[in-house]
Amino acid sequence: MAMDKNEIVLKVNRVYNPPRAIVDGSYIKPEEYERLYAESIKDPESFWAKIAEEELHWFRRWDRVRAGDHPYYRWFVNGKLNITYNCLDRHVKAGKRNKLAYIYINEENHEVKVTYGELLDMVNRFANGLKSLGIQRGDRVAIYMPLIVEQIVAMLACARIGALHSVVFGGFSAPALRLRIMDAQAKVVITSTWTKRRGKKIDLKSSVDEAVADLPFLEKVVVVQREGDDYELVEKEVDFHGLVKSQSSVCEPEVMDSEDPLFILYTSGTTGKPKGVLHTVGGYNVYTHYTTKIVFDLHENDIFWSTADPGWITGHSYLVYGPLSVGVTSVIAEGAPDYPDPGWWWSIIERYKVNVFYTAPTVVRLFMRYGEEWPRKYDLSSLRILGCVGEPLNPEAWIWFYEQIGKKNCALIDTWWQTETGGHMITTIPSYAAKPGKAGKPFFGIVADVVDKTGQPVAPNTVGSLVIKQPWPSGLRTCWNEPERYEKYWKTIAPYYLAGDLATKDEDGYIMFLGRADDVLNVSGHRIGTAEVESALVSHPAVAEAAVIGKPHPLKGESIKGFLILKHGQEPSELLIEDLKLHVRRELGSLAVPDELQVLDSLPKTRSGKIMRRVLKSHELGMEVGDISTLED
Ligand code: WTA
């Protein structure tokens, strides 16, 4: 049933206090929150040291919690650890060998259960396998796979031996994968033959073949053959399961320094090619562990379901490393949310009695469209905490999620963070009062503010830029091979970290996000650079110039619109537009295909020749164009 406008306004302007039972059972009580937060920012070193000490295993304790010159910070200096030891061995040694780590389910209802003991065994075998292929500490390994247990094994095996994984989302096309493999000079690519989405087989292996053709530094392609496959391996190719079987299940974890790199994850920036965000072992382990435990308030017997894909940072931090480090049981599902029917995900929650459910606003809006009758068919009473990430959770979707899925009985948290931040930055914790449409407050140890261009805080409820004023343990350490891009985060509104998001802060300190301030698009929670789509468009022989903008979209958050100038002699036609869309799909992947393409005679540019996307966007949305004094024509 649709709510009328007045009803929504009433509901939005309320503060939602979590149910008493949730508060009572939570690690941190609301009345402790202010004091703990104040302590955490007054003395972050003691705060994080206590957590690192109490929660994790170190082969050697750190000498100093934080060191380094701005903006190059180091955390847990000279501490030695291995994140996989904290994720696996630690639990097995504590008697949790038979506890489930993952329950995998796919569209065909095929279920796989993996215990912590079994996962450790597989990781060790595959880690030995990687070693046998010549992979050593510091080498890069690209992973291009669907969400299957083997993908998680591949990531952890890299971390076990100190190799850096670079996971590339399976929705990216061959050229996008190739770019990432080349940038990181990966020696090995791990893939699987195919994935299935909405009943359709999607071939991954052929994309890898195209991506790795004639790359001299690439030594091996490891292939997971899926059910029913009888694929004949050719030169350079190695069978994943064969490799696992042939190896010993004992593999001592490599003793890593806190500041040794853990992984590279490519993400889109304002300009140019994607940047390789680099995270290191110690700070990332501490921060993702603690946020997983506290923000999701996870306890020993909880069943956690994060619907993310490990191709993105949410999958890294809150499907792999965080939940394993905390030692919970996670559900993972390959495939689409609404296939075989729009009740599919709700049936999974009922079947596995999921307690904590973490998803994306675009999915909530998708389910809103299907209507309440679908969730109503299932028993969702196991749910205690609902969470969202990826883009602003609009108030209508907030209320729907809270009422129809949470039955007004759950805490709802909206977590704001980024690939670069490694973990949650702005969110209310479950025991704390939430406000629809607002992500909430900075997490412990995080000093955040909304400021103007000069770094001065703006007045309450005024739009400004979100900045982080103090370093935190899991911040990116650099951009792979491009330190200048790393430094830019800290130089634009120096000395703060500039996130690139527009935000407001209300009188109570709750932060609301309004989208990106720059040319980064957010389509269904997927981060895409305008520059990447534009360069894909101009690589088509018919296109001379292109400019891309994001348009508000009721389901996807944003949709992509491209404006084009064709080359001399090219005529616009429907056929050409379709061909251009296909071309973007081939160059980047389906996630980056523009919904609309429009041919123009000229593009608005500054006198120095920069395209003014802002002018195109304002015009498209029928808004004031604003300051156009630098416009050329
Ligand atoms: C956006 C995803 C509003 C934001 C973890 C950010 C959000 C970008 C939220 C990072 C949220 C993420 N509310 N916006 N709760 N969470 N974003 O690197 O624009 O894929 O800068 O990391 O997503 O996207 P990324």
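**Figure 1. Domain 1 and domain 2 of the predicted model.** In this predicted model, the C-alpha centres of domain 1 and domain 2 are separated by 34 Å. According to the domain assignment, domain 1 covers residues 98-257 and domain 2 covers residues 524-621. Where the two domains are in contact, domain 1 supplies 7 residues and domain 2 supplies 9 residues.

**Figure 2. Residues that surround the ligand.** The view shows the ligand and the 17 residues that surround it. The closest of these residues are Asp414, Thr415, Thr419, Asp501 and Arg527. By residue class, the shell around the ligand divides into 6 nonpolar, 6 polar and 5 charged residues.

**Figure 3. Polar atoms of the ligand and their partners in the protein.** An oxygen atom of the ligand lies 2.6 Å from an N or O atom in the side chain of Asp501. For the side chain of Gln418, the distance from one of its N or O atoms to an oxygen atom of the ligand is 2.9 Å. At Gly390 the partner belongs to the backbone: a polar backbone atom of this residue is 3.1 Å from a nitrogen atom of the ligand. The ligand taken alone exposes 530 Å², of which the protein buries 97%. Two or more residues of the shell around the ligand come from each of helix 12 (313-326) and strand 25 (511-516).

**Figure 4. The surroundings of Thr530 in helix 18.** Thr530 is part of helix 18, which comprises residues 530-538. With a relative accessible area of 1%, Thr530 counts as buried because this value is under 20%. Leaving aside residues up to four places away in sequence, Thr530 touches Thr270, Asp519, Leu521, Val548 and Arg613.

**Figure 5. The surroundings of Asp449 in strand 21.** Asp449 belongs to strand 21, formed by residues 448-451. The relative accessible area of Asp449 is 10%, so this residue is also classed as buried, the limit being under 20%. The side chain of Asp449 makes a polar contact of 3.2 Å with the side chain of Lys505. Lys505 is also one of the residues that Asp449 touches when residues up to four places away in sequence are not counted; the others are Pro457, Ser465, Leu466, Val467 and Lys469. Val286 stands 163 residues from Asp449 along the chain, and the C-alpha atoms of these two residues are 23 Å apart.

Notes: Residues are numbered from 1 along each chain as its sequence is written. This is a predicted model: local features need pLDDT of at least 70, side-chain atom pairs count only at pLDDT 80 or more; totals for chains, interfaces and linings use all residues. Side-chain values use heavy atoms; hydrogens and water are left out. Helices (H or I, at least four residues) and strands (E, at least two) are DSSP runs, numbered from the N terminus. Buried means under 20% relative accessible area, exposed over 50%, partly exposed in between (1.4 Å probe, protein chains only). Contact means heavy atoms within 4.5 Å. A residue is near a molecule or strand if one of its heavy atoms lies within 4 Å of it. A polar contact is a pair of N or O atoms within 3.5 Å; within protein, one must be able to donate a hydrogen and the other to accept it, and residues adjacent in sequence count only if both atoms are side-chain atoms. Accessible areas come from the Shrake-Rupley method with a 1.4 Å probe; for residues, only the protein chains shown count as cover. Ala, Val, Leu, Ile, Met, Phe, Trp, Tyr, Cys and Pro count as nonpolar, Asp, Glu, Lys and Arg as charged, and the others, Gly among them, as polar. Domain bounds come from an automatic or database domain assignment.
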